[in-house]
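This report looks at a metal site and its surroundings, moving from single residues to the site as a whole.

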Amino acid sequence: MAEIRIIRCPGCGGQITLLPSKVFRYLCPHCKGIVILSRRHLTLSYVLGFILSLIIAKALQLSVMAAPLWIPIFVLSFIVVAQLTALVISPYEVYRYDAPPPGVIARNLGMFLAIWLGIVFTIMTYGYVLGWAAYLIGSHRDLIESMDMWSVPLGFVNPEFVVRPHKGLVEVIGIVSANSYFWALGLMLVFKFVHSRMRRNRVTELAISGTTVGEEDDGL
Ligand SMILES: [Zn+2]
């Protein structure tokens with residue numbers, strides 16, 4: 001039995017019948033607006049869901065070794081939070097063709113956050129696999145050595161920022177996130193530097209070939 005739901009169009013308030021579909025994109029029959037999932041609602045739900053999952057992980061005293069258990073906790077937290085925030089913010093919005101593209105600052109911030117989260121996620125996954133491998137083989141020295149790598153740079157300044165197996169999952173996520181912040185910042189600066197050099201070369205080439213440079217708004 002297919003599940004049919006009815007939502008209100010955030011544009012005109014008319015009713016839209018939702019048919020089960022993997023892609024969330026509906027045409028409002030009343031105002032012809034395209035209704036999509038609200039980015040604001042999704043972002044808020046992710047952030048609050050993430051915080052809630054950390055609180056639960058802390059309350060359960062999850063250890064680093066139990067890291068995968070955090071994933072279902074996060075998924076559940078996200079679902080619960082998304083339902084609750086839907087009462088305050090509409091989970092849908094009307095897609096606008098003429099919406100202004102994100103500015104330079106918004107784009108750079110988005111890129112920085114993506115790099116930062118990517119590093120944290122990679123380290124946690126890699127650390128988990130390596131942690132268990134070292135645990136099974138029984139080589140604790142390798143384990144400690146790999147953990148030292150993730151404790152840079154803040155571990156130099158404050159021993160609280162050194163990752164150790166006995167520390168809790170939430171604590172380690174915090175340490176890794178704090179350290180990754182600096183890694184992400186460094187990576188971002190390198191990327192921006194290379195990118196600007198490449199652009200400069202391209203602009204020079206175009207100038208030599210006599211073509212006018214088109215509108216480019218890739219700022220630093
Ligand atoms: Zn509508």
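## Two cysteines and their accessibility

In this predicted model, Cys12 counts as partly exposed, because its relative accessibility is 39% and the partly exposed class lies between 20% and 50%. Cys28, by contrast, has a relative accessible area of 0% and is therefore buried.

These two residues link distant parts of the chain, for Cys12 lies in the loop between strand E1 (5-8) and strand E2 (15-18), while Cys28 lies in the loop between strand E3 (26-27) and strand E4 (34-37), 16 residues apart.

## The zinc site

Cys12 and Cys28 are among the residues that coordinate the zinc ion, which is held through the SG atoms of Cys9, Cys12, Cys28 and Cys31 at 2.3 to 2.4 Å. Along the sequence, these donor residues follow the spacing C-x2-C-x15-C-x2-C.

The angles that the four donor atoms subtend around the zinc ion run from 108 to 111 degrees, so the arrangement is tetrahedral. For four tetrahedral donors, the ideal angle at a metal is 109.5 degrees.

## Gly33 in the loop between E3 and E4

The loop between E3 and E4 also holds Gly33, which is buried because its relative accessible area is 10%, below the 20% limit for that class.

When residues up to four places away in sequence are left aside, Gly33 touches Tyr26, Leu27, Cys28 and Val94, and one of these contacts is thus with a zinc-coordinating residue, Cys28. The C-alpha atoms of Gly33 and Val94 are separated by 6.0 Å, although the two residues stand 61 residues apart along the chain.

Notes: Residues are numbered from 1 along each chain as its sequence is written. This is a predicted model: local features need pLDDT of at least 70, side-chain atom pairs count only at pLDDT 80 or more; totals for chains, interfaces and linings use all residues. Side-chain values use heavy atoms; hydrogens and water are left out. Donors are N, O and S atoms within 2.8 Å of the metal (3.2 Å for Na, K and Ca); water is not among the atoms, so sites may look incomplete. Four donors count as tetrahedral if all angles lie between 85 and 135 degrees; four count as square planar and six as octahedral if opposite donors are over 155 degrees apart and all others between 65 and 115; anything else is irregular. Helices (H or I, at least four residues) and strands (E, at least two) are DSSP runs, numbered from the N terminus. Buried means under 20% relative accessible area, exposed over 50%, partly exposed in between (1.4 Å probe, protein chains only). Contact means heavy atoms within 4.5 Å.
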